[in-house]
Amino acid sequence: MKYTSWTVVHTPVGELMLVSSDAGLAHVVFECEDFALRRSELGLSGAQAPGAEAARQLEEYFAGRRRSFDLALDWGAGGGFHRRVQRALAEIPYGETRTYSEFASHLGSPRAVRAVGAGCARNPLPIVSPCHRVVRSDGSLGGYRGGLEVKQRLLELEAA
């Protein structure tokens, strides 16, 4: 995979690094994930380039003016159940949540609860592909790559 640009944007949940390829937005990285390490893992050069459209839509989302994203997305090579999970996350309406179990059933695999969790955990496009909208059956948050505080803030933003 050849990534062509990256940029860092400031948001109410901290800085996010947006990584793009010629096909579209490929990664949203939280600051707690160590930007320098992730740039190295992804083979990004030191040159920073703007991701203006993704940054604009994220700004609108955090301002409460955008409920879904309209961006070209680069899901990378491969597929499988995890990719199916990641692509289907946008079907969860803004301001709503689904349990891991409900989401597995929605995908036609009611016993694949752990696989849904793994698909969410490996989601390369958090916020844009809203894995924060998936919670545990008991109502607790479960996990989140950006941290549980960030997941809670995103859910509160959407509930407002």
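Here are four short exercises on a predicted model, each with a worked solution.

**Exercise 1: the first hairpin**

Work out how β1 and β2 are arranged, and find the partner of V8.

*Solution.* Start with the direction of the strands: β1 and β2 run antiparallel, and 8 bridges join them. Next, look at the link, where 2 residues lie between the strands of this hairpin. Finally, pick out V8 and follow its bridge across to β2, where the partner is M17.

**Exercise 2: helix α1 and its buried face**

Find the buried residues of helix α1, decide how they are placed around the axis, and say what they pack against.

*Solution.* Begin by marking residues 35–42, the extent of α1; F35, R38 and L42 are buried here. Now look down the axis of α1: the buried residues fall within an arc of 65°, so they line one face of the helix. Then turn to what these buried residues meet, namely β1 (3–11), β2 (14–21) and β3 (24–30).

The two ends of the helix deserve a look as well. At the start of α1, D34 places a side-chain oxygen within 3.2 Å of the backbone nitrogen of A36. Just after α1 comes G43, with a positive phi of about 70°.

**Exercise 3: the setting of E158**

Is E158 buried or exposed, and which residues does E158 contact beyond its neighbours within four places in sequence?

*Solution.* First place the residue: E158 belongs to helix α6, which covers residues 148–159. Then check accessibility. The relative accessible area of E158 is 4%, and buried means under 20%, so E158 is buried. With sequence neighbours within four places set aside, the contacts of E158 are Y61, Y94, G95, H132 and R133. For G95 we can add a detail: its backbone nitrogen lies 3.1 Å from a polar atom of the E158 side chain.

**Exercise 4: the setting of Y100**

Classify Y100 as buried or exposed, then trace its contacts beyond four places in sequence.

*Solution.* Locate Y100 in helix α4, residues 100–106. Its relative accessibility is 14%, which is under the 20% cut-off, so Y100 counts as buried. Next, list the contacts, again without neighbours within four places: V113, V116, G117, C120, V134, V135, R136, L141, G142, G143 and K151. To finish, take V116 from that list. Y100 and V116 are 16 residues apart along the chain, and 6.3 Å separates their C-alpha atoms.

Technical notes. Residues numbered from 1 in each chain as written. Predicted model: local features only at pLDDT ≥ 70, side-chain atom pairs only at ≥ 80, totals over all residues. Heavy atoms only, no water. Buried < 20%, exposed > 50% of the residue type's maximum accessible area, 1.4 Å probe, protein only. Helix = DSSP H or I, 4+ residues; strand = E, 2+ residues; numbered from the N terminus. Arc of directions from axis to C-beta. Contact = heavy atoms within 4.5 Å. Polar contact = N/O pair within 3.5 Å; in protein donor to acceptor, adjacent residues only side chain to side chain. Pairing = 2+ DSSP bridges.
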